[in-house]
Amino acid sequence: MRFFYTLTIMLFFAVSGFSQTEQLAKNYFDRGEFEKALHIYEQLVEQEPGNPEIFFGLIATYQQLERFKEAEDLLKYKVNNTANAPHYLVELGHNYELQQKREQAEQFYKEALRAIESRPNYAFSIARTFEKYSLLNNAVTAYELGMKMNPDAEYHIQLARLYGEQGEIEKMFSNYINVLGNNPGLLPGVSRIYGQFITEDPANEANIIFRKLLLKKLQEDQNILYNEMLSWLFVQQKEFKKAFLQEKAIYRRSQQGLAPIMRLTVLANEDDQSETALEILDFIIEEAPLQEVKLQAHQLRLNILKETLPPKRFSEVEAGYKELFETYGTGINTLSLQIDHANFLAFDLKRGEEAVAILRQLMDQQLKKLEEAAVKMALADILVLEEKFNQALIFYTQVQNLVQNDIIAQMARFKVAKTSYYKGDFKWATIQLDVLKSATSQLIANDAMELSLMISENSLEDSTQTALKLFARADLLDFQEKRKAAITVLDSVLTNHKGEKIEDDALLKQAMLFEEEGQYHKAEANYLKLLQHYKNGVLGDNAHYRLAELYATELEQPEKAQEFYEKIIFNYADSIYFVDARKKFRKLRGDELE
């Protein structure tokens with residue numbers, strides 16, 4: 001036993017020492033000290049002649065030293081004495097190519113390809129060696145020949161990758177589609193590859209090619225995989241109605257359920273395609289086998305109607321809530337719906353007392369912690385709406401204690417800070433915001449830093465914080481959806497505190513309110529004024545981006561939009577808007593986006 005143990009230790013140190021020596025050779029090679037690397041590689045090859053890494057390390061070192069004859073002799077020995085390695089022919093060809101002997105190189109490349117005809121199983125190793133030296137055309141030929149000579153061979157994924165590198169988009173798509181036909185589980189990974197070529201523009205060449213290939217495949221084979229890929233394509237193009245048609249076909253022919261269609265509703269609504277979202281929800285309501293799914297669809301439907309219907313038609317929304325409560329009751333199962341209803345009453349119908357009564361009644365039920373937190377958060381929001389700040393703060397604090405270490409607790413803390421800010425208690429607001437700067441939610445952390453910075457900057461030169469209190473008042477009026485009143489308060493700030501630090505914040509805030517009110521030229525004037533006087537300030541990138549968006553959409557001046565997107569690219573490289581601005585700039589310029 002002791003002998004076996006000693007032998008094991010000796011072998012371990014021998015292998016360890018060998019590996020260290022090999023690494024030393026690689027280090028010399030990487031540093032360009034080829035003579036030193038050569039000395040070690042020659043010794044290692046003598047010790048372990050069958051190790052391919054060491055062998056090719058020696059070959060590469062000879063080639064770097066332009067000792068091509070030694071490399072050639074070693075490679076020819078391998079070709080003549082290794083029955084199962086025709087890829088050495090490619091290595092020999094490459095050795096000639098390094099000497100600018102193209103004709104001789106081609107002879108060996110052709111010989112390697114001919115070897116596939118008699119030994120198709122070696123197509124992979126030969127193709128990979130061609131790839132190693134970026135001989136992509138030969139690599140493609142090797143894979144294609146391997147599949148031709150052996151119908152059972154499967155090199156579609158390798159070919160697809162090579163076609164992509166060559167810019168052969170149609171062949172690439174076609175091969176990936178063939179791969180997925182046999183391996184549908186690869187769809188998520190392949191979709192990421194497709195995403196490098198597909199854009200939002202349906203007229204993009206890659207989009208057109210992909211759509212045509214899939215439609216042709218569907219004609220030949222009614223595999224729902226092709227419907228899934230078409231749906232994915234239409235989602236990228238933001239053609240959600242077309243995606244819905246594909247998802248319906250998938251639903252009818254599979255057991256996938258309605259979850260993918262529900263996700264499509266959310267995407268369509270986020271892209272302001274509310275009519276399509278409502279159509280999808282109507283389908284879900286009709287088809288859903290479970291009452292909870294129907295209820296969820298009904299709830300989403302009412303939320304969309306709240307966002308899109310004019311106030312004079314809010315009675316339809318209220319009737320919708322009433323009908324749902326008659327059908328599903330007002331128990332725990334409709335908790336989320338009742339919270340939505342309370343928010344609708346308070347924020348849209350201005351019936352705050354009624355909303356508060358509903359939420360207080362919910363609090364009397366046996367609720368789980370998360371449910372209780374959701375009710376109290378909604379109640380606190382409505383109390384802020386009614387300017388009952390102290391009561392709101394109590395409920396926000398209770399939410400923090402109910403769900404400690406949860407993102408909801410962080411949101412509640414932020415709302416404590418925001419409520420304190422509304423009531424003019426900037427010191428307590430800042431204390432809360434400083435804690436939130438390290439919040440796990442990046443969104444909350446960013447909002448906290450932004451508000452904290454705004455408070456601190458506008459407290460330095462005005463010890464009475466008069467302007468800041470006015471600005472906070474305008475913020476509250478915006479929260480209460482009293483935009484016209486908020487605009488008036490900001491007029492006061494801009495008139496009576498001109499030249500003070502708060503002016504840039506007021507210009508930006510008022511411009512955003514003008515946009516919400518549809519007063520786009522007034523918004524434009526504010527953004528331009530902000531850039532004229534404060535272009536180097538912290539709000540410079542915000543103003544540039546919002547102005548670019550305004551020109552691109554509402555004012556329909558794409559040339560100006562392009563100009564302001566470009567300024568973000570060159571002047572605000574660290575801006576959160578940088579990536580989006582670059583993408584939109586390139587699209588307006590007419591670039592082909594990857």
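**Exercise 1. The second largest pocket**

Which helix gives the largest share of the lining of the second largest pocket? Describe this pocket in the predicted model.

*Solution.*
- Start with the volume: the second largest pocket has about 940 Å³.
- Next, find its centre. Of the 27 lining residues, Glu270, Asp271, Asp272, Glu307 and Glu516 are the closest to the centre.
- Then list the helices. At least two lining residues each come from α17 (291–308), α19 (335–348), α30 and α32 (578–589).
- Pick the top contributor: α32 supplies the largest share, five residues.
- Finish with chemistry. The lining divides into 17 charged, seven nonpolar and three polar residues.

**Exercise 2. The largest pocket**

Determine which element gives the most to the lining of the largest pocket, and sort that lining by class.

*Solution.*
- The largest pocket has a volume of about 1,400 Å³.
- Its lining counts 44 residues, and the closest to the centre are Asn446, Asp447, Glu450, Leu451 and Asn542.
- Two or more lining residues come from each of α21 (369–385), α23, α25, α26 (466–479), α28 (502–516) and α30 (540–552).
- Of the elements, α25 gives the most, with nine residues.
- By class, the lining of the largest pocket holds 22 nonpolar, 16 charged and six polar residues.

**Exercise 3. The α23/α25 pair**

Work out how α23 and α25 are oriented to each other, and name the residues that meet.

*Solution.*
- Set the ranges: α23 covers residues 407–422 and α25 covers residues 442–460.
- Take the geometry. The two helices pack at an angle of about 20°, and their axes lie 11 Å apart.
- Apply the cut-off: angles under 35 degrees count as roughly parallel. α23 and α25 are therefore roughly parallel to each other.
- Add the handedness: α23 passes α25 in a left-handed crossing.
- Now the contact. From α23 come Ile407, Gln410, Met411, Phe414, Lys418 and Tyr421; from α25 come Ile444, Asp447, Ala448, Leu451, Met454 and Ile455.
- Class by class, this contact has nine nonpolar, two charged and one polar residues.
- Link back to Exercise 2: Asp447 and Leu451 of this contact are also among the residues closest to the centre of the largest pocket.

**Exercise 4. The α28/α29 pair**

Are α28 and α29 roughly parallel or roughly antiparallel? Describe their contact as well.

*Solution.*
- Helix α29 spans residues 520–534.
- The axes of α28 and α29 come within 8 Å and cross at roughly 160°.
- Angles over 145 degrees count as roughly antiparallel. α28 and α29 are therefore roughly antiparallel to each other.
- The crossing of α28 past α29 is left-handed.
- The α28 side of the contact includes Leu507, Leu508, Ala511, Met512 and Phe514. Among the α29 residues they meet as a group are Tyr520, Ala523, Tyr527, Leu530 and Tyr534.
- Charged residues take part too, including Glu503, Asp504 and Glu515 in α28, and Lys522 and Lys529 in α29.
- The contact of α28 with α29 has ten nonpolar, five charged and two polar residues.

**Exercise 5. The second largest cavity**

How many cavities of 30 Å³ or more does the structure hold? Trace the lining of the second largest one.

*Solution.*
- The structure holds two such cavities.
- The second largest cavity has a volume of about 30 Å³.
- Its lining is made of Glu247, Ile250, Tyr251, Gln256, Gly257, Pro260 and Ile261.
- Assign the helices: α14 (240–253) and α15 (259–270) each supply at least two of these residues. α14 gives the most, three residues.
- Sort the lining: four residues are nonpolar, two polar and one charged.

How values were computed
Residues are numbered from 1 along each chain as its sequence is written. This is a predicted model: local features need pLDDT of at least 70, side-chain atom pairs count only at pLDDT 80 or more; totals for chains, interfaces and linings use all residues. Side-chain values use heavy atoms; hydrogens and water are left out. On a 1 Å grid over the protein atoms alone, a cavity is a set of points where a 1.4 Å probe fits but cannot get out, and a pocket is an open set with protein on both sides within 12 Å along at least five of seven lines; lining residues have an atom within 4 Å of a point. Grid points are joined across faces, edges and corners, and a volume is the space filled by probe spheres set on the points. Helices (H or I, at least four residues) and strands (E, at least two) are DSSP runs, numbered from the N terminus. Ala, Val, Leu, Ile, Met, Phe, Trp, Tyr, Cys and Pro count as nonpolar, Asp, Glu, Lys and Arg as charged, and the others, Gly among them, as polar. Axes are lines fitted to C-alpha atoms, for helices over the stretch in contact, and angles run from 0 to 180 degrees between N-to-C directions. Angles under 35 degrees count as roughly parallel, over 145 as roughly antiparallel, 65 to 115 as roughly perpendicular and the rest as oblique. A crossing is left-handed if the near helix is turned anticlockwise from the far one by less than a right angle, and right-handed if clockwise. Contact means heavy atoms within 4.5 Å.
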